[in-house]
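Let's work through a fold together, one small exercise at a time. Keep the structure open beside you and try each task before reading its solution.

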Amino acid sequence: MARPCKCRRVCGNPQADYFKPRGVPISQLEEVGLTIDEFEAIRLADLEGLYQEDAAKKMNISRQTFGNIVESAHKKIADAIVNARALKIEGGVVKMMKRQFLCSDCKNEWFEAFGTGRPAQCPKCQSKNIHRASQDRGWARARGPGGRRKMCRRISI
């Protein structure tokens, strides 16, 4: 029996979760699945240019695990590009490190880091009529055995 997956910290969901080759109808495409933690590893290593040790600390995993995640992600992305497949980003056992807020008045959406407290007003229009975005609400309130908070959730979009 495989060991359960350790919770990984990520900074948020991707802005787009589906990519496909131009000119090919979706019905004719095969999909390659990239998990949210693989997406985060690619973001930290390739976009931000962090060393594996530093990126692993940000995700709360070992350096070896981070290396395995990046290698897996690179293979999946290469497969999607070389073989003209769609890339779908979803799933994984993750803990979001940023919260998404929405202003009810001006419809502005923005992110705040966990641990910074609830913002007092919208940064765009200064309205106090703000709330958490619906996709970002409520999952950390779930209770597990013994009344302890579940800090991670398995995401499947």
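The exercises below go from the sheets to the helices that pack in this model.

This is a predicted model, in which local features need pLDDT of at least 70, side-chain atom pairs count only at pLDDT 80 or more, and totals for chains, interfaces and linings use all residues. Residues are numbered from 1 along each chain as its sequence is written, and side-chain values use heavy atoms, with hydrogens and water left out.

**Exercise 1. Find the strand order of the open sheet that contains S2, and say which helices pack on this sheet.**

Step 1. Settle the terms: strands (E, at least two residues) and helices (H or I, at least four) are DSSP runs numbered from the N terminus, and two strands pair if DSSP finds at least two bridges between them.

Step 2. Read off the order: the three strands run S2-S4-S3, with mixed pairing. The edges are S2 (18-19) and S3 (31-34), each of which pairs on one side only.

Step 3. Check one pairing. S2 and S4 (residues 86-89) run antiparallel and are joined by two bridges; Tyr 18 stands opposite Lys 88 in S4.

Step 4. Add the helices. Helix H1 (residues 36-47) packs on the sheet and touches S3 and S4, its direction making about 75° with that of S3. Helix H3 (residues 63-82) also packs there, touching S3 and S4, at about 155° to the direction of S3. Here contact means heavy atoms within 4.5 Å; axes are lines fitted to C-alpha atoms, for helices over the stretch in contact, and angles run from 0 to 180 degrees between N-to-C directions.

**Exercise 2. Work out how H1 and H3 are oriented to each other, and which classes of residue make their contact.**

Step 1. Take the geometry: the angle is about 100° and the axes are 9 Å apart.

Step 2. Classify it. Angles under 35 degrees count as roughly parallel, over 145 as roughly antiparallel, 65 to 115 as roughly perpendicular and the rest as oblique. H1 is therefore roughly perpendicular to H3.

Step 3. Look at the residues: H1 contributes, among others, Ala 41, Ile 42 and Ala 45, while H3 contributes residues including Phe 66, Ile 69 and Val 70.

Step 4. Sort the contact by class: eight nonpolar, two polar and four charged residues. In this scheme Ala, Val, Leu, Ile, Met, Phe, Trp, Tyr, Cys and Pro count as nonpolar, Asp, Glu, Lys and Arg as charged, and the others, Gly among them, as polar.

**Exercise 3. Place H2 against H3 and against H1.**

Step 1. Start with H3: its axis and that of H2 (residues 52-59) come within 8 Å and cross at roughly 95°. That makes H2 roughly perpendicular to H3.

Step 2. Name the partners: Gln 52, Glu 53, Ala 55, Ala 56 and Met 59 in H2 meet Arg 63, Phe 66 and Gly 67 in H3.

Step 3. Turn to H1, which packs with H2 at about 140°, the axes being 10 Å apart. These two helices are therefore oblique to each other.

Step 4. List this contact: Asp 37, Glu 40, Ala 41 and Leu 44 in H1 meet Ala 55, Lys 58 and Met 59 in H2. By class, there are four nonpolar, no polar and three charged residues.

**Exercise 4. Describe the open sheet that contains S6.**

Step 1. Write the order: S7-S6-S8, three strands with antiparallel pairing. S7 (109-113) and S8 (130-132) are the edge strands.

Step 2. Count bridges: S6 (residues 98-103) pairs with S7 over five, and Lys 98 stands opposite Ala 113 in S7.
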